[in-house]
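Let's take a look at one helix, one strand and a handful of charged pairs. Have the viewer open as you read.

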Amino acid sequence: MQGKMGLLGSALAAQGDYADLNDYRALVCVFLYGGSDSFNMYLPADTGLYDSYTQSRGALAINRDAVLFGDGSATDPIGFHPALAGLRSLYDAGDLSIIQNVGNLTEPVTRQQYIDGNRLVPADLFAHNHQQEQWQKGWSSVSASLVSAGWGGRIADLLDEANQGATLPPTFSLGGSNFWQPGVSTSPIAMNANNGLSLLSFLDSQAGSGNVARENALEQILALSSDHPLQQHINTTFSRAKSGSRAIRGVLSDNPGFVTELDTGSRLSQQLAMVARMIKGRDELKMKRQLFFVGMGGWDTHDNQQVRLELLLAELNRSLVDFQSLLDELGVRDSVTTFTASDFGRTLTTNGDGSDHGWGGHQIVMGGAVDGGRLIGHSPDYVTGGDFDTGDKGRVIPSLSVNQYGAALAGWMGLSPADQQMVFPDLANFGSDWSLPV
């Protein structure tokens, strides 16, 4: 697709057959573990909304003079935390948009419906582990224990056929195990952010001539016939992992680094740099579609939030801006879309030293294909005890669901509307038009 990405859910005219996709596209999920306080990351420019924000946030509120606002017009009604100057620039350049008040929803719900308990809401709201799992699986109407695949993995299952001739799956994690990437027919490869994947290198003859005999012995063991299904599965899995390790090591050897200088002290930057190296080797891997996962912890800011959030945002800003520069260097700025996600937002109110677990929050989508420089979705009113509050703590009820957010991204990756519905079964609860509202 040429030009800007239609984040309003526009999709290619694919009808579930993706073998003929011949362009390259990748999704990069940046998961902020702990529940990011996005209400202090992206702030309303509207005077009335900002006044409500400051009244609800109390000591957590950022002085308006410090906020990075644009021209304040109706076309730019948002400000950025002062530590997010680089993301502000990407927004102004049209390479980043803000998705307002998105969260884990099973169906739309109002404050009164939530209080009355007559609408279906996700189980175990405000709990880290449960919300991380439900967010990444994207199917909260079903018990999470019964959902085996994440929505990233379900996308990968469908798009895997686009990677004709590839020996590796389309999903790679630099942030450890997660619920987003496992699919039904595809399994993610977990990689080290510094050295990729090096599985038993002493058994690989390509890693040294002294390994030839050991590798031959291993191959003979793996070739032994067996009627036991578990042993057959282990042999197949180990053989695949061994060949995958060799393929990845070759790609990383051929694509060692970049001109752009990175913050080597940042764990997030290290992960994103490895993502860029894998993208650089996409042709060698015969990849047309890839999905990457990176993670950043520390966002559970119950205490000392003012200091901690400043450091977290500075690292996030630097890492994402540097990553976008790497994509520019590779010439794939329009082919890679990066998006943030988190357990949940945080309360508008303060506990005296920080904020507590909330529900809805703001996220960003970044890349050359993004229809950037604008807000997508509906802003909360920032009023404690108001129409968006579950009670009186400022736990904001989302106005957009993970289903809508994910379906728009899946559509950009090439999934047909019917397959978007299959990946997100709860999508039907949000009406026949599940595109993101402006």
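## Helix α11

Keep in mind that this is a predicted model. Start with the residues of α11 that are buried: Val402, Asn403, Gln404, Tyr405, Gly406, Ala407, Ala408, Leu409, Ala410, Gly411, Trp412 and Met413. That makes 12 of its 12 residues, so the helix is mostly covered.

The geometry checks out too. Helix α11 covers residues 402-413, and at 1.5 Å a residue those 12 residues should span 16 Å; the end C-alpha atoms are indeed 16 Å apart. At the N-terminal end, Ser401 acts as the cap, with a side-chain oxygen 3.2 Å from the backbone nitrogen of Asn403. After the helix comes Gly414, which has a positive phi, near 120°.

## Strand β9

Strand β9 takes in residues 336-342, and 7 of its 7 residues are buried, so the rest of the structure largely encloses it. In a regular strand, side chains alternate between the two faces of the sheet. Here, both faces are covered: Val336, Thr338, Thr340 and Ser342 are buried on one side, and Thr337, Phe339 and Ala341 on the other.

What about its pairing? Strand β1 (residues 25-32) runs parallel to β9, joined to it by 7 bridges. Within that pairing, Val30 has Thr340 as its bridge partner. Strand β10 (residues 361-366) pairs with β9 in the antiparallel sense, over 2 bridges, and there Val365 stands opposite Phe339.

## Charged pairs

Side chains of opposite charge can pair when their charged atoms come close. How many salt bridges does a search of the whole structure find? The count is 12.

One of them joins Arg289 and Asp23, at 3.0 Å from N to O. This pair links distant parts of the chain, with Arg289 in strand β8 (residues 289-296) and Asp23 in the segment before β1, 266 residues apart. Arg289 is buried because its relative accessible area of 0% is under 20%, while Asp23, at 23%, counts as partly exposed.

Another salt bridge puts Arg333 and Asp95 2.6 Å apart at their closest N and O atoms. They also link distant parts of the chain: Arg333 sits in the loop between α10 (305-330) and β9, and Asp95 in the loop between α2 (85-92) and β5 (96-103), 238 residues apart. Arg333 is partly exposed at 27% relative accessible area, whereas Asp95 is buried at 7%.

Arg374 and Asp371 form a salt bridge as well, with the closest N and O atoms 3.3 Å apart. Arg374 is buried at 17%, and Asp371 is partly exposed at 28%. Finally, shared salt-bridge partners join Asp95, Asp328, Arg333 and Asp334 into one network.

Key. Residues numbered from 1 in each chain as written. Predicted model: local features only at pLDDT ≥ 70, side-chain atom pairs only at ≥ 80, totals over all residues. Heavy atoms only, no water. Helix = DSSP H or I, 4+ residues; strand = E, 2+ residues; numbered from the N terminus. Expected span 1.5 Å × (residues − 1). Buried < 20%, exposed > 50% of the residue type's maximum accessible area, 1.4 Å probe, protein only. Polar contact = N/O pair within 3.5 Å; in protein donor to acceptor, adjacent residues only side chain to side chain. Pairing = 2+ DSSP bridges. Salt bridge = Lys/Arg side-chain N within 4 Å of Asp/Glu carboxyl O.
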